[in-house]
Amino acid sequence: MAHTYKLTYFDFPGKGEAIRMILSYGEIPFEDKRIQMGDWPKIKPTTPLGQLPILEVDGKEIPQSTAISRYLASKLNLDGKDLKENLALDVAVETLLDLQKVGVGIKYEQDAAKRAENVEKSKQVLPVYFGKLEEHAKKHNGYIVFDRMSWADILFVCVYEFLVPCVGKEAVSAYPSLQQVLKNVLATKGINKYIKNRPAVEGYDLKQDL
């Protein structure tokens, strides 16, 4: 009997988007439950850790976005083949999550002066991250960790979409191998279909890259 999947997250990309894309990559049918922020206070006490996303597999709740992504990746051959490969994959994932934090410091900073300061800092930090990732993507022919798709490539696309409104598309366009990662991920049948049909994304939408 086929498993049932239900993802509960807010009605924006955030920490849920990599999970949505991984499920879509595998063409796994899932219920995409998107809740509104106004409903969160009453839903929060009912969740395992008081946070989202939550993936339900046959009714069993799984919290924590990275754990969920690793679980799904292992089912879809988007992980490593041994401990050494999985270590390399984890390093790439942690690096991408650090990269995402640069955008968080810009997008969600309320103080205009601090936000401007964070933008200036990003101009020093981002080339270091992108430069290293570019080296790996060039080595692996348009993939970040292996010579094939991994969930780090999918996460990169999510981080890219988040960063573009914060730092500008030109901050990434200078790296041709990372642009190839983007193309490789968006060319997959399931993700391409998901991006075309998902709700519009505020700020920057990957539909522009299809």
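**Exercise 1. Charge pairs within helices**

Determine whether Glu120 is buried, partly exposed or exposed, and work out which residue pairs with Glu120 in a salt bridge.

Solution. In this predicted model, Glu120 has a relative accessibility of 45% and therefore counts as partly exposed, since that class lies between the limits of 20% and 50%. The next step is to look for a partner: Lys123 forms a salt bridge with Glu120, and the closest N and O atoms are 3.1 Å apart. Turning to the position of the pair, both residues belong to helix 5, which covers residues 112–139, and they stand three residues apart, or about one turn of the helix.

A second pair can be worked through along the same lines. Asp98 and Lys101 form a salt bridge in which the closest N and O atoms are 3.7 Å apart, and because the two residues are three apart in helix 4 (residues 83–107), about one helical turn separates them. Asp98, at 31% relative accessibility, counts as partly exposed, whereas Lys101, with a relative accessible area of 56%, is exposed.

**Exercise 2. From one salt bridge to the whole chain**

Find the distance between the side chains of Arg34 and Asp32, and state how many salt bridges a search of the whole structure finds.

Solution. Side chains of opposite charge can pair when their charged atoms come close. The side chains of Arg34 and Asp32 meet in a salt bridge with an N to O distance of 2.9 Å, and Asp32, at 26% relative accessibility, is partly exposed. Widening the search to the whole structure gives 15 salt bridges. As for the overall balance of charge, the chain carries 29 positive and 28 negative side chains, and the centres of these two sets are 1 Å apart.

**Exercise 3. A buried acidic residue and its strand neighbours**

Establish which side chain of opposite charge is nearest to Glu56, and list what Thr8 touches beyond four places in sequence.

Solution. Glu56, which lies in strand 3 (residues 54–57), is buried and yet has no salt bridge; Lys6 is the nearest side chain of opposite charge, at 4.0 Å. When neighbours within four places in sequence are set aside, the contacts of Glu56 are Thr4, Tyr5, Lys6, Thr8 and Glu61. One of these contacts, Thr8, has its place in strand 1 (residues 5–10) and is buried, with a relative accessible area of 8%. Beyond four places in sequence, Thr8 touches Lys33, Ile35, Leu52, Pro53, Ile54 and Glu56.

**Exercise 4. Backbone features in the loops**

Identify which two residues are joined by a cis peptide bond, and say where Glu27 and Asp58 are placed.

Solution. The cis peptide bond joins Leu52 and Pro53, with omega at about 10°, and Pro53 is placed in the loop between helix 2 (40–43) and strand 3. For the phi angles, Glu27 has a positive value of about 50° although it is not a glycine, and its place is in the loop between helix 1 (17–25) and strand 2 (31–35). Asp58, likewise a residue other than glycine, has a positive phi near 55°; it is placed in the loop between strand 3 and strand 4 (60–63) and, with a relative accessible area of 43%, is partly exposed.

**Exercise 5. A buried serine and the overall fold**

Decide whether Ser69 is buried or exposed, then compare the radius of gyration of the chain with that of a compact globule.

Solution. Ser69, in helix 3 (residues 65–75), has a relative accessible area of 2% and is therefore buried. Not counting residues up to four places away in sequence, Ser69 touches Ala18, Ile19, Ile22 and Trp151.

For the chain as a whole, 46% of the 210 residues count as buried, and residues 24 or more positions apart account for 67% of the contacts with a separation of 6 or more. There are nine helices and four strands, which run β-α-β-α-β-β-α-α-α-α-α-α-α from the N terminus on. A compact globule of 210 residues would have a radius of gyration near 17 Å, and the chain has 17 Å, so the two agree. Along the principal axes, the C-alpha atoms fill a box of roughly 45 × 45 × 30 Å.

Technical notes: Residues numbered from 1 in each chain as written. Predicted model: local features only at pLDDT ≥ 70, side-chain atom pairs only at ≥ 80, totals over all residues. Heavy atoms only, no water. Rg over C-alpha atoms; globule rule 2.2 N^0.38 Å. Buried < 20%, exposed > 50% of the residue type's maximum accessible area, 1.4 Å probe, protein only. Contact = heavy atoms within 4.5 Å. Lys, Arg positive; Asp, Glu negative; His and termini not counted. Charge placed at Lys NZ, Arg CZ, Asp CG, Glu CD.
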